Amino acid sequence: MRTKLVAGNWKMNGRLHDNAALLTSLQLTATKLKWGCQVTVCVPCPYLTQARAILSGSPVMWGGQDVSEHGDGAYTGEVSAGMLTDLHCTHVLVGHSERRALFGESDQGVAAKFAAALGAGLVPILCVGETLAEREAGITGEVVTRQLDAVLARSGVAALAKAVVAYEPVWAIGTGKTASPQQAQEVHALIRARVARDDAAVAGGLRILYGGSVKAANAAELFAMPDIDGGLIGGASLVAAEFIAICAAAA
Ligand code: PEP
């Protein structure tokens, strides 16, 4: 039985005043309702201290949106995995499609970040997914497998026992277009089968989140699919009522 996980990705959004309202509402609701799922919010680095101050002692965890593949040192602008754990982060996104597309992150670079996160005791949330052109060319499985294989080659299948995978079709991120539950389930099953080829027990325990325009209105039907173990939520994680309703759907 896999415990569902709902992860918010604020992307590059937030200001102290608005964050305080959002985080406080989340903290109060989660403490009161004691959802049967896990919840984490991946916030921009400057706001990690604020997330820690408001969420400490509540069931809601917090994490980063990216991590350096390097340890501390002369890497101006980078944030190390050790810095994230210093701020009590539990999770970090690696290989989000915006980082792959806009910042040129390669499969190998993502695998290095995944290894750095794991090495520091963070749970990496490895994002994989195909573009619209790749889906239309019929190579969704190939693309997702290639992205996953880079991590398996670098860290080994046992590493996935301490990680989470998020399937995020690029064409569904921030576009309002959601993969149908069946489309998402098909890729989630493919990811689990690929991991099972290396280790069936790890595959059985692996949480695979769906991300791409998830909102309160479509969360329950996505989360009802057998291989969908929660969601990675972008835009809707910035609206307290929406995000809380999505957590309730997973709970
Ligand atoms: C994301 O940023 O990971 C995401 C899924 O965004 P959205 O929910 O806005 O599509």
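**Surroundings of Ser237, the ligand and helix α2**

With a relative accessibility of 1%, Ser237 counts as buried in this model, which is a predicted one. Ser237 belongs to the loop that runs between β8 (230–233) and α11 (240–250). Two polar contacts involve the side chain of this residue: the side chain of Ser237 reaches the backbone oxygen of Ile233 at 3.2 Å, and a polar atom of the Ser237 side chain lies 3.4 Å from the backbone oxygen of Asn9. When neighbours within four places in sequence are left aside, the residues in contact with Ser237 are Gly8, Asn9, Trp10, Leu22 and Phe243, so that Asn9 appears both in this set and as a partner of the Ser237 side chain through its backbone oxygen.

The ligand is surrounded by 14 residues, of which Lys11, Glu168, Gly174, Ser213 and Gly235 are the closest. By class, this shell comprises four nonpolar, eight polar and two charged residues. Polar contacts to oxygen atoms of the ligand are made from side chains as well as from the backbone. A polar side-chain atom of Glu168 lies 2.7 Å from an oxygen atom of the ligand, while an N or O atom in the side chain of His96 is 2.8 Å from a ligand oxygen atom. In the case of Ser213, a polar atom of the backbone is 2.8 Å from an oxygen atom of the ligand. Taken alone, the ligand exposes 290 Å², and the protein buries 95% of that area.

In helix α2, which spans residues 48–55, the buried residues are Leu48, Gln50, Ala51 and Leu55. These residues lie on the same side of α2, because they cover an arc of only 160° around the axis. An α-helix has 3.6 residues a turn, and residues three or four places apart therefore point the same way. The packing partners of the buried residues of α2 are α1 (16–33), β2 (38–42), β3 (60–64) and α3 (81–86). After α2 comes Gly57, which has a positive phi, near 85°.

Another glycine, Gly141, lies within helix α7, which covers residues 140–155. With a relative accessible area of 22%, Gly141 is partly exposed, the limit under which a residue counts as buried being 20%. Between Gly141 and Leu118 the separation is 23 residues in sequence and, from C-alpha to C-alpha, 25 Å in space.

How values were computed:
Residues are numbered from 1 along each chain as its sequence is written. This is a predicted model: local features need pLDDT of at least 70, side-chain atom pairs count only at pLDDT 80 or more; totals for chains, interfaces and linings use all residues. Side-chain values use heavy atoms; hydrogens and water are left out. Helices (H or I, at least four residues) and strands (E, at least two) are DSSP runs, numbered from the N terminus. Buried means under 20% relative accessible area, exposed over 50%, partly exposed in between (1.4 Å probe, protein chains only). A polar contact is a pair of N or O atoms within 3.5 Å; within protein, one must be able to donate a hydrogen and the other to accept it, and residues adjacent in sequence count only if both atoms are side-chain atoms. Contact means heavy atoms within 4.5 Å. A residue is near a molecule or strand if one of its heavy atoms lies within 4 Å of it. Accessible areas come from the Shrake-Rupley method with a 1.4 Å probe; for residues, only the protein chains shown count as cover. Ala, Val, Leu, Ile, Met, Phe, Trp, Tyr, Cys and Pro count as nonpolar, Asp, Glu, Lys and Arg as charged, and the others, Gly among them, as polar. The arc is that of the directions from the helix axis to the C-beta atoms.
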